[in-house]
Amino acid sequence: MVAYILRRLLVGIPTLLALVVFSYLIIVAAPGSPFLGERSLPPEVLANMEARYGLDQPILRQVMNYVWGIITEFDFGPSFSYKDRTVTEIIAQGFPITLTYGFLAFLISVAVGVTLGVIAAVRQNSWYDYLAVGISIGAQVLPNFVMAPILVLVFTLWLGWLPGGGWQGGQLPYLIMPVIALSTSFMASIARITRSSMLEVLGTDFILTARAKGIGFRRLIFRHALKPAMLPVVSYLGPTFVGMITGSVVIDMYFSTGGIGQFFVNAAINRDYPLVMGITILTGFLTIAFNLVVDVIYAWIDPRIRY
Amino acid sequence: MSRLRIRNLCVDFSTPDGTVSAVRDVSLDLEDGEILAIVGESGSGKSQTAFAAMGLLPANARCSGSVCFDGKEILGLDDDALSGIRAREIAMIFQNPMTSLNPYRRISDQMTEVLEVHQGLSKKAARTQCIAMLESVNISDARMRFEQFPHECSGGMRQRVMIAMSLLCRPRILIADEPTTALDVTIQAQVIDLLKMIRERYGMAIILITHDLGLVAGCSDRVAVMYAGRVMESGPTEELFLSPRHPYTDALLKSLIRMDEDTSRLYSISGSHPDTTDAGSGGCPFNPRCPVSTIACSASLPAVRTVGSRSWACIR
């Protein structure tokens, strides 16, 4: 198992490298330049700036310089659009914010989603099941860019209970709406996956055996059915978790939380190559890491899986 | 009073294609220490009869009639009420040992929980009893097997584990639903020997559900032959094999491959098992396939005739 994890991490290195090279080529190939603004700059100034940031070099050399900087000095370069700040500084500032509300939203969507899904499956075709399925469909058709304005409308404009935006170091009132807006649609998906996989498990032979043993309902669900029913949920949760903690553009923009989702979009619009690359690498690294975590959890749930 | 008494049991399933009557008016008795074989083709309702007795039918099933254990009605009880019966009084083992054990849990956890729940034992106390039970069903290296996961054992081994697990609370009745169907022939014989051994040792009654008449001849005391959800004939095994009263039983026995006769062509019953969605035209369900049917057979359902220990449902 340990050898497997190490091997997977080693394989992750070339994967990340390929990600870096391809993303760099794509973003540079996109039309436009970091220094094209509303005011057109004199050609000499433009040439100076490009030389300053190494953009006058052949593109493969640029990529190599970039990768070399990361390997030797863990330097992700300066931001082009936020003057005097490095990419590392911007991520260090924005990522904790996204991580905070993303992780909270993740916990809530898992807890609520799994509970709803399990109860719906156990009480299949009862009013509870229809309610739970109804709620999940409702939540799924209300993605965060619809949820966010609705929440603000109700809780800020009508009721005046919660601030409509800002972060303030992540105080509770500022956290509530971003977390709810981000979690609803994920919660709905988790509930639906849990329900269908739980129903499948409840129809298996070994559940029949467990029922014939007269061990009682709670034991049947918690000791026999829940673990296998979680397998499809876990594989959904890996990429979902990464998506949630690396932030949602909509949430960051709408609630002005200052998370990296916002920086990512701005960077892409402004052709801020280093910042786009920095956030891409962060997301890529987390994706590789959490796919590995999912595989490890799989082996823990199902003893037949051995690496 | 018999240990288990089934009277006029009917099981219907409501399906999108209409109501399926899987079990119709089945009455059976089971005495202590007896092996009762229920034989029949696929879809004849033999398993559903047992599932109804254990309260294990799916949600779309409706049952009526009566199932009495020790004189107490158990048909229609909910899971909570039945947990006092299941495993403690009536245990059940299933057709496919490969899928009947929970693949995600150790054999130890699956076995000890029976004693933890029903006898309030600690895991440690239960452990000793479980290992002893594994040894008594001839599992070598019981201590090692006990800690394994089901996928580390062969099919025959898993069925032994199932049997050992079912015996933990010393139930009065063991229902074995086609326990050997998924096993190869040598393992089949071992499992059947094991069932006979536990009947001797614990004085339990066993209901053996099977479609294998050879198996029935080898070990059961009494046989009930089911067809289209009804019991066509029942009686002591030897008598029933020697002189079948019902044409269906007769036809089944003729279909057996005999080692002591040189047969060039195997006997088969023409036609196929009736569709159980229609409620029955009122006549004998075997009538369309019966080699000796008369006009009277399609008129009304033949009444069950009982002579001594034998009974059959045929007008002849």
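What follows is a chat between a colleague and a modeller about a predicted model with chains A and B.

Colleague: Let's start with chain A. What makes up its secondary structure?

Modeller: Helices: chain A comes to 12 helices and zero strands. Read along the sequence, the pattern is α-α-α-α-α-α-α-α-α-α-α-α. The C-alpha atoms of chain A fill a box of roughly 85 × 55 × 30 Å along the principal axes. Of its 307 residues, 43% count as buried. And for contacts in chain A with a separation of 6 or more, 73% come from residues 24 or more positions apart.

Colleague: Now the place where the chains meet. How many residues does each chain bring to the contact?

Modeller: Chain B brings 29 residues and chain A brings 19 residues. Together they bury about 2200 Å², with 57% of that on carbon and sulfur atoms.

Colleague: Why give an area for an interface?

Modeller: Because the size of an interface is often given as the accessible area lost when the parts come together.

Colleague: Why is the pair Arg211(A) and Asp79(B) called a salt bridge?

Modeller: The cut-off is 4 Å from a side-chain nitrogen of Lys or Arg to a carboxyl oxygen of Asp or Glu. The side chains of Arg211(A) and Asp79(B) meet at 3.9 Å, N to O, so the pair passes. The rule finds four salt bridges across the interface of chain B and chain A. There are also 15 residue pairs in polar contact between the two chains, counting pairs with both residues at pLDDT 80 or more.

Colleague: Which elements of chain B give two or more residues to the side that touches chain A?

Modeller: Helices H1 (46–54), H3 (97–100), H4 (107–119) and H7 (155–167) of chain B. H4(B) gives the most, with six residues. By class, that side of chain B has 15 nonpolar, nine polar and five charged residues.

Colleague: What about Pro303(A): why is this residue called buried?

Modeller: Buried means under 20% relative accessible area. Pro303(A) has 7%, so it counts as buried. Its place is in the segment after helix H12 (273–301) of chain A. Leaving out residues up to four places away in sequence, Pro303(A) touches Pro103(B), Tyr104(B), Phe149(B) and His151(B).

Colleague: On to the strands of chain B. How do you know that E1(B) and E2(B) pair?

Modeller: Pairing needs at least two bridges. Strand E1 (residues 4–15) and strand E2 (residues 18–30) of chain B have nine, so they pair, and they run antiparallel. For instance, Leu9(B) has Val26(B) in E2(B) as its bridge partner. A hairpin of two residues joins E1(B) to E2(B).

Colleague: What makes strand E8 of chain B "mostly covered"?

Modeller: E8(B) spans residues 205–210, and six of its six residues are buried. On one side you have Ala205(B), Ile207(B) and Ile209(B), and on the other Ile206(B), Leu208(B) and Thr210(B). Both faces are covered.

Colleague: Which strands does E8(B) pair with?

Modeller: Among them are E3(B), residues 35–39, joined to E8(B) by five bridges and running parallel, and E7(B), residues 173–177, also parallel with five bridges. Ile38(B) stands opposite Ile209(B), while Ile175(B) has Ile207(B) as its bridge partner.

Colleague: Why does Thr249(B) count as buried?

Modeller: Its relative accessibility is 2%, and the limit is under 20%, so Thr249(B) is buried. Thr249(B) is found in helix H11 (residues 247–255) of chain B. Setting aside residues up to four places away in sequence, Thr249(B) touches Val225(B), Glu233(B), Leu240(B) and Pro244(B).

Colleague: And why is Asp70(B) called partly exposed?

Modeller: Partly exposed lies between the 20% and 50% limits. Asp70(B) has a relative accessible area of 44%, so it fits that label. Asp70(B) sits in the loop between strand E4 (61–69) and strand E5 (72–73) of chain B. Its phi is positive, about 50°, although Asp70(B) is not a glycine.

Colleague: Where is Glu178(B), and is it buried or exposed?

Modeller: Glu178(B) lies in the loop between E7 and helix H8 (185–202) of chain B. At 6% relative accessibility it comes in under 20%, so Glu178(B) counts as buried. The phi of Glu178(B) is near 45°, a positive value in a residue other than glycine.

Conventions:
Residues are numbered from 1 along each chain as its sequence is written. Chains are lettered from A and ligands numbered from 1 in the order in which they are written. This is a predicted model: local features need pLDDT of at least 70, side-chain atom pairs count only at pLDDT 80 or more; totals for chains, interfaces and linings use all residues. Side-chain values use heavy atoms; hydrogens and water are left out. Helices (H or I, at least four residues) and strands (E, at least two) are DSSP runs, numbered from the N terminus. Contact means heavy atoms within 4.5 Å. Buried area is the accessible area (1.4 Å probe) that two parts lose on being put together, summed over both. A polar contact is a pair of N or O atoms within 3.5 Å; within protein, one must be able to donate a hydrogen and the other to accept it, and residues adjacent in sequence count only if both atoms are side-chain atoms. Ala, Val, Leu, Ile, Met, Phe, Trp, Tyr, Cys and Pro count as nonpolar, Asp, Glu, Lys and Arg as charged, and the others, Gly among them, as polar. Buried means under 20% relative accessible area, exposed over 50%, partly exposed in between (1.4 Å probe, protein chains only).
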